[in-house]
Amino acid sequence: MTDTIFAKIIRREIPADIVYEDDEILAFRDLNPQAPVHVLFIPKRAIASLEKAEPGDAELLGKLQLAAAAYARELGMAEDGFRTVINCNTHGGQTVYHLHVHLLAGRHMHWPPG
Ligand code: AMP
């Protein structure tokens, strides 16, 4: 897998506004926020995209979602609601090929997405 900007953030080679970290997960604010809260939850063990995830990644994928929900709760934004999104490959709008969960919160979101 080729190196990505997120791998550089994990290695602290470029700065990021980190809001959460544990052994397996790093979370930092998106540079181009689409909501008052827009945080990216990434696995430290890189998986290029959801399409490349394997059965052995199931627990890690669940942990990313749970970490996002826990952070929304911590901010007091969980009851009003939030959205988690994984963009996959070109049609999904993925631009960084290191799997990540977007957490969007703090405004009313609409459906369907554009
Ligand atoms: P996606 O389009 O789903 O692959 O999402 C990639 C996200 O990464 C976009 O929302 C970008 O704004 C965000 N992004 C790109 N570079 C950085 C960076 N250095 N720090 C924080 N967020 C970034």
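A pocket is here an open set of grid points, on a 1 Å grid over the protein atoms alone, with protein on both sides within 12 Å along at least five of seven lines. In this predicted model, the largest pocket defined in this way has a volume of about 410 Å³. Its lining comprises 21 residues, and those closest to the pocket centre are F6, D30, L31, N32 and L40. Three elements give two or more residues each to this lining, namely helix α1 (5–10) and the strands β2 (25–29) and β3 (37–43). The largest share, three residues, comes from α1. By residue class, the lining of the largest pocket consists of ten nonpolar, eight polar and three charged residues.

The ligand sits in the largest pocket. A shell of 16 residues surrounds the ligand, with D30, N87, T95, H100 and H102 the closest. D30 therefore appears in two lists, being among the residues closest to the centre of the largest pocket and among those closest to the ligand, where closeness to the ligand rests on a heavy atom within 4 Å. The elements α1 and β2 each supply at least two residues of the shell. Helix α1 gives the most, with three residues. The shell divides by class into seven nonpolar, seven polar and two charged residues.

Polar contacts between the ligand and protein side chains were examined next. The side chain of N87 places an N or O atom 2.8 Å from an oxygen atom of the ligand. For H102, an N or O atom of the side chain is likewise 2.8 Å from a ligand oxygen atom. The corresponding distance from a ligand oxygen atom to an N or O atom in the side chain of H100 is 2.9 Å. Taken alone, the ligand exposes 510 Å², and 84% of that area is buried by the protein. N87, H100 and H102 are also listed among the residues closest to the ligand.

The second largest pocket has a volume of about 350 Å³. It is lined by 16 residues, and R83, V85, L104, P113 and G114 lie nearest its centre. The elements giving two or more residues to this lining are β4 (82–85), α3 (89–92) and β5 (101–105). In terms of class, the lining of the second largest pocket contains five nonpolar, nine polar and two charged residues.

Two features of the backbone were also identified. The peptide bond that joins W111 and P112 is cis, with omega of about 5°. P112 lies in the segment after β5, and β5 is one of the elements that give two or more residues to the lining of the second largest pocket. The other feature concerns R12, a residue other than glycine with a positive phi, near 60°. R12 is placed in the loop between α1 and β1 (18–21). The α1 helix that precedes this loop is the element with the largest share of the lining of the largest pocket and gives the most residues to the shell around the ligand.

Definitions and conventions:
Residues are numbered from 1 along each chain as its sequence is written. This is a predicted model: local features need pLDDT of at least 70, side-chain atom pairs count only at pLDDT 80 or more; totals for chains, interfaces and linings use all residues. Side-chain values use heavy atoms; hydrogens and water are left out. On a 1 Å grid over the protein atoms alone, a cavity is a set of points where a 1.4 Å probe fits but cannot get out, and a pocket is an open set with protein on both sides within 12 Å along at least five of seven lines; lining residues have an atom within 4 Å of a point. Grid points are joined across faces, edges and corners, and a volume is the space filled by probe spheres set on the points. Helices (H or I, at least four residues) and strands (E, at least two) are DSSP runs, numbered from the N terminus. Ala, Val, Leu, Ile, Met, Phe, Trp, Tyr, Cys and Pro count as nonpolar, Asp, Glu, Lys and Arg as charged, and the others, Gly among them, as polar. A polar contact is a pair of N or O atoms within 3.5 Å; within protein, one must be able to donate a hydrogen and the other to accept it, and residues adjacent in sequence count only if both atoms are side-chain atoms. Accessible areas come from the Shrake-Rupley method with a 1.4 Å probe; for residues, only the protein chains shown count as cover. A molecule sits in a cavity or pocket if more than half of its atoms lie within 2 Å of its grid points.
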